[in-house]
Amino acid sequence: DDEDEASPTASPTATRTVSPTTSPTATPEAKTHKIELENDGFNTTSLTINVGDSVTFEIKDEGSYQVRSGPHPTHTDIPELDSGVVAKGAKYTFKFSKAGGFRFHDHLHPSFTGTITVK
């Protein structure tokens with residue numbers, strides 16, 4: 001007698017589907033964005049990214065540079081953002097792990113500035 005056997009269509013997990021766009025734990029795939037620093041400043045001064053994305057700052061010009069958080073000289077927006085002093089060919093990648101608006105600048109040339117908005 002098979003009357004006590006559950007029907008496969010009666011199982012709530014057999015028909016449950018979760019869309020990645022509606023799941024509270026789903027996050028977009030992390031991306032890496034690039035900002036270049038040349039003798040006249042950053043090639044991108046405003047960038048919007050997602051939490052978990054990274055930004056690679058690439059030095060394209062001769063001379064020394066230091067990518068830091070704004071505002072100059074206190075660097076309080078996101079103090080961890082600090083490339084150290086770097087020269088042409090150097091790349092510095094920083095992963096943004098929290099939402100907000102973050103200013104950045106070249107500490108050695110404070111007029112070179114930009115903003116990264118993290119959603």
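What does the chain average in pLDDT, and what share of the residues score at least 70?

1. **Confidence.** This is a predicted model, so that question is a good place to begin. The chain averages a pLDDT of 85, and 76% of the residues score at least 70. Please read residues 6-23 with care: the pLDDT there is below 50. Beyond near neighbours in sequence, this stretch has three contacts in the model.

2. **One open sheet.** Four strands form an open sheet with mixed pairing, in the order β2-β1-β4-β8. Its edges are β2 (41-42) and β8 (91-95); each has a single partner strand, so one side of each is left without a neighbour in the sheet. Within the sheet, β1 (residues 32-38) and β4 (residues 54-59) run parallel and are joined by six bridges. If you would like a landmark for this pairing, Leu-37 stands opposite Ile-59 in β4. On the way to the β8 edge the sense is antiparallel, with five bridges between β4 and β8. Here Phe-57 stands opposite Tyr-92 in β8.

3. **The two faces of β8.** This edge strand is a nice one to look at side chain by side chain. Tyr-92 and Phe-94 point to one face and are buried. Lys-91, Thr-93 and Lys-95 point to the other face and are not buried.

4. **Another open sheet.** The order β3-β10-β9-β6 describes an open sheet of four strands, again with mixed pairing. In this sheet β3 and β6 stand at the edges with a single partner strand each, so one side of each lacks a neighbour in the sheet. Direction ignored, neighbouring strands of this sheet are turned by 30° against each other on average. At the β6 edge, β6 and β9 run antiparallel and are joined by three bridges. The bridge partner of Val-67 in β9 is Asp-106.

5. **Thr-117 as a marker.** Thr-117 lies in strand β10. With a relative accessible area of 31%, Thr-117 is partly exposed. In sequence Thr-117 and Thr-48 are 69 residues apart, yet their C-alpha atoms are 4.6 Å apart in space. Not counting residues up to four places away in sequence, Thr-117 touches Leu-47, Thr-48, Ile-49, Gly-100 and Gly-101.

6. **The nonpolar core.** The largest nonpolar core has 21 residues, and those touching the most other members are Ile-35, Phe-42, Val-55, Phe-57, Phe-96 and Ile-116. At least two residues of this core come from each of β1, β3 (46-49), β4, β8, β9 (100-106) and β10 (109-118). As background, nonpolar side chains in soluble globular proteins tend to be buried together.

7. **Val-55 up close.** Which residues is Val-55 in contact with, leaving aside its neighbours within four places in sequence? They are His-33, Ile-35, Leu-47, Ile-49, Tyr-92, Thr-93, Phe-94, Phe-96 and Ile-116. Val-55 is also one of the core residues that touch the most other members.

8. **A charged network.** A search of the whole structure finds six salt bridges. Lys-34, Glu-36, Glu-58 and Lys-60 are linked in a network of them. Glu-58 and Lys-60 meet through their side chains at 3.6 Å, N to O. Glu-58 counts as buried because its relative accessibility is 11%, under the 20% cut-off. Lys-60, at 36%, counts as partly exposed.

9. **Salt bridges across the sequence.** Two further pairs deserve a look. The side chains of Arg-68 and Asp-82 form a salt bridge at 3.6 Å, N to O. This pair links distant parts of the chain, 14 residues apart: Arg-68 is in strand β6 (residues 67-69), and Asp-82 is in the loop between β6 and β7 (86-87). Arg-68 is buried, with a relative accessible area of 14%, whereas Asp-82 counts as partly exposed at 30% relative accessibility. The side chains of Asp-77 and Arg-103 also meet, at 2.8 Å, N to O. Asp-77 lies in the loop between β6 and β7 and Arg-103 in strand β9, so this salt bridge ties together parts that are 26 residues apart in sequence. Asp-77 counts as buried at 18% relative accessibility, and Arg-103 as partly exposed at 41%.

Conventions
Residues numbered from 1 in each chain as written. Predicted model: local features only at pLDDT ≥ 70, side-chain atom pairs only at ≥ 80, totals over all residues. Heavy atoms only, no water. Pairing = 2+ DSSP bridges. Core = buried A, V, L, I, M, F, W, Y, C linked by side-chain atoms within 4.5 Å. Buried < 20%, exposed > 50% of the residue type's maximum accessible area, 1.4 Å probe, protein only. Contact = heavy atoms within 4.5 Å. Salt bridge = Lys/Arg side-chain N within 4 Å of Asp/Glu carboxyl O. pLDDT = per-residue confidence, 0-100. Axes fitted to C-alpha atoms, helices over the stretch in contact; angles between N-to-C directions.
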